[in-house]
Amino acid sequence: MIEEFKVPRGSQLLQDLFAYSASKNNTYIEIGAAYPLKINNTYQLEKKGWVGFSIELMQHRVDEWRDADRYNKIYCADAIEFDYLDALKENHLPNRIGYLSCDIEPPVNTFSALKRVIEQGIVFDCITFEHDRYQSDINYDPIVTKYLKDAGYKVAVSDVYRYRKFREEGKKKKVNKKCYMETWYVNTDINFPELTYDEWLETYK
């Protein structure tokens, strides 16, 4: 199964495979759509029949979506001020959604968008949140975890990372380093054990 979800036509860190394994709801909200096909968190889910909508602030990216092989709706909008309940009604979606993808820049904005959708009363089976703690001045990982714990969610996969090349001071060659980027959550009523990213990946080898 893992091969279906790998880049370039899957998500960067297998967020889509996590959603597929954690939820049978087959619906999504994607905050921060970016590219329609390449390293996208919902493209493979849509190909498997999931329905939902995406939000993207940049108009040129939205234009790319409208010219791509995507059939679910995309909104060109500010995710921090967006009316998610209206969008649910417009797209004939329930108030409990399978998957929420949160990935805009910087993390303070991602957190604001997360609070916006949660505080509108929408419930999710699973959530992926990009905190970019490897490069952020403020570590939003524990802040978001506490907020979601209070809202009825638990950590499912921690220390989600990718390797990036960095040049160390005084050395010519770049070295690979783990960059911790995300934490993934599930609703407390979902039976999903808490794993590190490496442990989770092992289950699909």
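Biologist: Which element gives the most to the lining of the second largest pocket?
Modeller: Keep in mind that this is a predicted model. Two elements give two or more residues to that lining, namely strand 6 (153-167) and helix 7 (197-202). The top contribution is three residues, and it comes from strand 6.

Biologist: And how much space lies in the second largest pocket?
Modeller: Its lining is made up of I2, K6, V7, S11, Q12, L13, L14, Y161, R162, Y163, Y197 and L201. Sorted by type, they give eight nonpolar, two polar and two charged residues. The space in the second largest pocket comes to about 190 Å³.

Biologist: What is the volume of the largest pocket?
Modeller: Here the lining runs to 31 residues, with G32, A34, D103, I104 and E105 lying nearest the centre. Strand 2 (51-56) and strand 7 (174-187) are the elements that give two or more residues to this lining. The volume of the largest pocket is about 610 Å³.

Biologist: How many charged residues are there in the lining of the largest pocket?
Modeller: Take the nonpolar part of the lining, which has 14 residues. Eight residues are polar. What remains is the charged group, and its count is nine.

Biologist: A34 sits by the centre of that pocket, so to speak; what is its phi?
Modeller: A34 belongs to the loop between strand 1 (27-31) and helix 2 (43-47). With 30% relative accessibility, A34 counts as partly exposed. A34 is not a glycine, yet its phi is positive, at about 55 degrees.

Biologist: Which residue of strand 6 has a positive phi without being a glycine?
Modeller: The phi in question is near 55 degrees. The residue has a relative accessible area of 29%, which lies between the 20% and 50% cut-offs, so it counts as partly exposed. Its place is in strand 6, and its name is D159.

Biologist: What is omega for the peptide bond from E105 to P106?
Modeller: E105 is among the residues nearest the centre of the largest pocket. P106 is in the loop between strand 4 (96-102) and helix 5 (107-119). The bond from E105 to P106 is cis, with omega near -15 degrees.

Biologist: Let's talk rings. How far apart in sequence are the parts tied together by the pair of F18 and W200?
Modeller: The count of aromatic pairs comes to 17. F18 and W200 form an edge-to-face pair, 6.5 Å centre to centre with 75 degrees between the planes, and both residues are buried. F18 lies in helix 1 (residues 15-22) and W200 in helix 7, so the distance along the sequence between the parts they tie together is 182 residues.

Biologist: Which residue has its charged end over the ring of Y161?
Modeller: Y161 shows up twice already: as part of the lining of the second largest pocket, and in one aromatic cluster with F18, Y163, Y180, W184, F192, Y197, W200 and Y204. The charge over the ring of Y161 is 4.5 Å from its centre, and it belongs to K178.

Biologist: How far is the charged end of K48 from the centre of the ring of Y20?
Modeller: The cut-off for such a contact is 6 Å from the ring centre. The charged end of K48 does sit over the ring of Y20, at a distance of 5.4 Å.

Biologist: How many disulfides does the count come to?
Modeller: C102 is buried, at 1% relative accessibility. The cysteine sulfur nearest to that of C102 belongs to C126, 11 Å away, whereas a disulfide needs the two sulfur atoms within 2.5 Å. C102 is therefore in no disulfide, and the total count of disulfides is zero.

Biologist: Is C179 buried or exposed?
Modeller: The cut-off for buried is under 20% relative accessible area. C179 comes in at 2%, so it counts as buried.

Biologist: What separates the C-alpha atoms of G52 and G98?
Modeller: G52 is in strand 2, and at 4% relative accessibility it counts as buried. G98 is 46 residues from G52 along the chain. Their C-alpha atoms are separated by 9.4 Å.

Biologist: And how far apart in space are L93 and E194?
Modeller: L93 is in the loop between helix 4 (84-90) and strand 4. L93 is buried, with a relative accessible area of 13%. In sequence L93 and E194 are 101 residues apart, and in space, C-alpha to C-alpha, 29 Å.

Notes. Residues numbered from 1 in each chain as written. Predicted model: local features only at pLDDT ≥ 70, side-chain atom pairs only at ≥ 80, totals over all residues. Heavy atoms only, no water. 1 Å grid on protein atoms, 1.4 Å probe; cavity = no way out; pocket = protein on both sides within 12 Å on 5 of 7 lines; lining within 4 Å. Points joined across faces, edges and corners; volume = space filled by probe spheres on them. Helix = DSSP H or I, 4+ residues; strand = E, 2+ residues; numbered from the N terminus. Nonpolar A, V, L, I, M, F, W, Y, C, P; charged D, E, K, R; others polar. Phe/Tyr/Trp six-rings, centres within 6.5 Å; stacked < 30°, edge-to-face > 60°. Buried < 20%, exposed > 50% of the residue type's maximum accessible area, 1.4 Å probe, protein only. Lys NZ or Arg CZ within 6 Å of the ring centre and 35° of its normal.
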